[in-house]
Amino acid sequence: MRVAVIGGGPGGLYTAALLKRLDPGRDVTVWERNAPGDTFGFGVVLSDEALSGIEHADPVVHRALREHFVRWDDIDIVHRGTRHTSAGHGFAALGRARLLEILHQRCRALGVDLRFRTGAPPPHELARTHDLVVAADGVHSATREAYAHAFRPRVTSHRCRYIWLAADIALDAFRFETAETEHGVMQLHGYPYAAGASTVIVEMREEVWRAAGFDELDEGESIERCAKIFADALGGRPLTSNRSTWTVFRTVVNDRWSHGNVVLLGDAAHTAHFSIGSGTKLAVEDAVALAACLAERPSLPEALAAYEEERRPVVASAQRAARASLEWFEDLALHLGQPPRRFAFDLLTRSRRVTHGNLRLRDARFTEAVEREFGCPPGTPPMFTPLRLRGLTLRNRVVVSPMDMYSAADGVPGDFHLVHLGARALGGAGLVMTEMVCVSEQGRITPGCTGLYTGRQAEAWRRITDFVHRRAPGTAIGVQLGHSGRKGSTKVMWEGMDEPLDEGNWPLVAASALPYRPSGRIPRELSRAQLTDLREQFTAAARRAARAGFDLLELHCAHGYLLSGFLSPLTNRRTDAYGGSLDKRLRFPLEVFDAVRAVWPQERPMTVRISATDWAEGGTTAEDAVEIARAFAAHGVDAVDVSTGQVVADERPEAGRSYQTPYAERIRREVRVPVIAVGAISSWDDVNSLVLAGRADLCALGRPHLYDPHWTLHAAAEQGYAGPGVVWPAPYRAGSRRPPTGRTAPPGPRLGPRG
């Protein structure tokens with residue numbers, strides 16, 4: 001096999017070495033346009049996981065790396081002059097030049113042909129003359145662009161400028177330090193990579209960079225200014241550069257990683273923000289996976305397909321974490337108002353890879369100090385602390401999210417709803433929410449939706465709230481009121497979600513006469529008189545909800561239903577006082593909110609659910625969501641339930657673990673209103689992390705409660721918690737400890753024969 005490697009960075013060199021080591025008969029050539037000693041940046045951080053992979057794949061390289069590694073365990077966070085240290089993290093780094101030198105030596109020893117100061121031939125020529133072409137030519141990959149029609153790359157530039165520098169001082173920890181200047185917030189990321197040497201990255205928002213005048217400074221002036229700003233962190237020492245320039249980070253994603261016999265690797269295929277230290281790690285792991293797949297699969301196409309199948313989910317996970325970290329630093333100014341320890345915890349858990357649970361394992365002393373600062377009583381996880389909303393005190397931070405069950409007859413909740421909601425109330429959550437309860441017969445999504453537009457329905461709901469209050473004392477039950485709008489008159493979910501009924505359809509109404517799907521039914525645009533009628537339907541339902549005994553009322557202004565349809569510019573094309581600018585689009589939802597608040601008992605809280613983004617071009621943005629939340633807060637909302645999407649059928653959500661939480665956090669920090677986070681929150685560790693970091697006040701979980709109605713009770717048992725934040729019902733107390741799962745192995749022999 002003839003192999004061409006384009007790019008002599010760590011990923012390309014390590015790939016070449018592995019391919020030659022596994023099959024010395026391979027003809028492997030590396031093209032690198034720079035000289036052997038040329039490199040950008042200074043230090044490289046590798047995780048224990050990456051090092052383990054290197055050790056297994058090539059012990060020679062691992063031994064050479066081990067001789068030069070600098071290791072440390074601590075992370076220092078300096079916030080407004082206060083330094084907090086978290087231990088137990090475990091890092092290893094070395095100079096980038098040294099890493100390349102080790103890989104050069106290994107490649108030469110194995111017989112790889114290294115061609116420096118030589119640009120690679122065009123990729124189509126290499127593809128014709130070689131069996132395999134590995135494109136490891138970086139974030140600006142010419143190979144990727146040459147085959148853009150096949151790889152379909154998407155490159156996103158972000159909002160911060162940063163510069164890679166170095167200092168002749170060995171920091172004793174991974175250091176994060178903020179500088180609040182007259183121009184805005186600046187951030188230092190620093191770590192040691194050799195005796196007497198550290199990498200220093202200075203980062204700030206584009207507008208801060210320009211306001212500070214960095215756009216008008218040359219390289220030397222920029223370096224001098226950075227050293228002065230962070231003089232305390234650097235001990236007054238100067239900074240040095242290595243052809244350093246200010247740049248913006250670019251996230252690279254490709255729909256495909258191979259085309260014919262050409263395959264992308266490392267930054268050419270994907271990038272992950274430097275704040276989680278994954279660039280070189282991912283490239284090295286790519287190299288190991290590619291070499292292994294080539295050895296294991298009988299043909300090149302199968303090997304390349306297996307390589308992508310193996311690596312893509314790993315990379316996607318890293319990119320989600322990197323994106324969360326990147327955005328945290330982009331919005332750094334929003335986080336600075338926290339007490340120093342909670343700021344440090346927020347920073348450490350920003351990517352969602354470090355959580356409350358594993359941080360407690362790494363550094364229990366630090367984590368307990370953060371919990372004390374938050375107000376956790378001894379032995380109480382953050383999720384089991386109380387929260388007060390008006391006259392209602394929730395005993396913990398867990399909410400059973402509204403979930404449509406489509407199991408009612410004539411809008412009346414029956415035995416199913418009693419068992420469904422009753423079981424989850426017994427399961428320990430602080431607040432149990434109903435599904436969207438419709439304010440009129442025409443406002444139903446499906447024939448199976450519940451309502452509060454008749455006295456019979458209210459009586460049936462009273463049966464359920466009475467059960468919750470009597471049998472699960474301390475658990476609150478809330479009602480979510482809504483109207484389906486243009487998404488109504490459809491089949492129940494398991495018969496065809498969002499599909500129109502085969503028969504028995506009812507008229508649809510909406511902010512504008514736009515169907516949810518291009519082939520769907522067209523709703524009628526609401527007139528002024530109909531808007532008045534709708535307001536009265538909401539207030540009548542709210543009165544019934546109060547008499548039915550609900551503790552909290554949520555107004556559903558999300559997911560493309562009627563009130564949500566007024567908020568989004570994609571679904572509201574009105575030209576009257578209820579359409580156009582955001583203020584006008586807010587008008588009717590706020591009128592409904594005010595009317596409901598006026599009849600809802602003053603001591604009972606009222607929340608609103610919004611879609612913080614439409615996940616579609618031209619739709620609601622994160623900035624819009626802040627203003628929407630601000631408007632509801634000005635009208636007296638007690639908390640904002642922050643969801644996203646489901647507004648238009650052609651949305652492209654960026655789903656992932658806790659993926660909607662950043663929208664909730666931004667609203668909480670900018671508007672200073674309590675928020676409910678929802679969406680792919682599945683573990684009690686996530687809930688503890690989100691609450692303690694100040695990203696959310698409550699966490700709503702849906703599917704986990706379908707899987708386990710007693711999710712909250714089990715979360716308490718698994719954490720060894722027994723306190724007022726969760727109470728086992730008396731008939732269940734015998735099961736409050738985790739049952740044994742099998743035999744425990746006996747201890748091994750301890751007393752050997754006497755000599």
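Lys491 is a buried residue, with a relative accessible area of 16%, in this predicted model. The cut-off for buried is under 20%, so Lys491 falls inside it with its 16%. Its salt-bridge partner is Asp502, and the closest N and O atoms of the two are 3.4 Å apart. Asp502, on the other hand, is exposed, at 70% relative accessible area. As for where they sit, Lys491 belongs to the loop between strand 22 (476-482) and helix 19, while Asp502 is in the loop between helix 19 (493-496) and strand 23 (509-510), so the bridge ties together parts that are eleven residues apart in sequence.

Let's stay with charge pairs for a bit. Side chains of opposite charge can pair when their charged atoms come close. Searching the whole structure turns up 50 salt bridges. One of the pairs is Arg154 with Asp255, where the closest N and O atoms are 2.5 Å apart. That one links distant parts of the chain: Arg154 is in strand 10 (residues 153-167), Asp255 is in the loop between strand 15 (247-254) and strand 16, and 101 residues separate them. Both ends get some exposure: Arg154 counts as partly exposed at 38% relative accessibility, and Asp255 is partly exposed too, with a relative accessible area of 33%.

Next up is Arg695, which forms a salt bridge with Glu665 at a closest N to O separation of 3.7 Å. This pair also links distant parts of the chain, with Arg695 in the loop between helix 25 (684-692) and strand 29 (698-701) and Glu665 in helix 24 (residues 661-671), 30 residues apart. Here both Arg695 and Glu665 are buried.

Salt bridges can also join up into something bigger than a pair. Arg159, Arg205, Glu207, Glu330 and Asp331 are linked in a network of them. For charges without such partners, look at the negative surface patch formed by Asp218, Glu219, Glu221 and Glu224. Asp218 is found in the loop between helix 8 (206-211) and helix 9 (219-229), and it is partly exposed at 45% relative accessible area.

Back to strand 16, which we met as a neighbour of the Asp255 loop. Ser258 has its place in this strand (residues 258-259) and counts as buried at 10% relative accessibility. What does Ser258 touch, leaving aside its neighbours within four places in sequence? The contacts are Phe151, Val263, Leu304 and Glu308. There is also a long-range neighbour to check: the C-alpha atoms of Ser258 and Ala150 are separated by 8.1 Å, with the two positions 108 residues apart along the chain.

Now for helix 14 (residues 340-348). Why is it described as largely enclosed by the rest of the structure? Because seven of its nine residues are buried. Those are Arg342, Phe343, Ala344, Phe345, Asp346, Leu347 and Leu348.

Past that helix there's a backbone detail you may want to look at. Arg352, in the loop between helix 14 and helix 15 (356-362), has a positive phi of about 75° although it is not a glycine. Arg352 counts as buried, at 17% relative accessibility. His559 is another residue other than glycine with a positive phi, near 65°. You'll find His559 in the loop between strand 25 (552-557) and helix 21 (562-567), where it counts as buried at 7% relative accessibility.

Technical notes:
Residues numbered from 1 in each chain as written. Predicted model: local features only at pLDDT ≥ 70, side-chain atom pairs only at ≥ 80, totals over all residues. Heavy atoms only, no water. Buried < 20%, exposed > 50% of the residue type's maximum accessible area, 1.4 Å probe, protein only. Helix = DSSP H or I, 4+ residues; strand = E, 2+ residues; numbered from the N terminus. Patch = residues over 30% accessible without salt bridge, like charges linked within 9 Å, V, L, I, M, F, W, Y side chains within 5 Å. Areas by Shrake-Rupley, 256 points an atom, 1.4 Å probe, with all protein chains shown as cover. Salt bridge = Lys/Arg side-chain N within 4 Å of Asp/Glu carboxyl O. Lys, Arg positive; Asp, Glu negative; His and termini not counted. Charge placed at Lys NZ, Arg CZ, Asp CG, Glu CD. Contact = heavy atoms within 4.5 Å.
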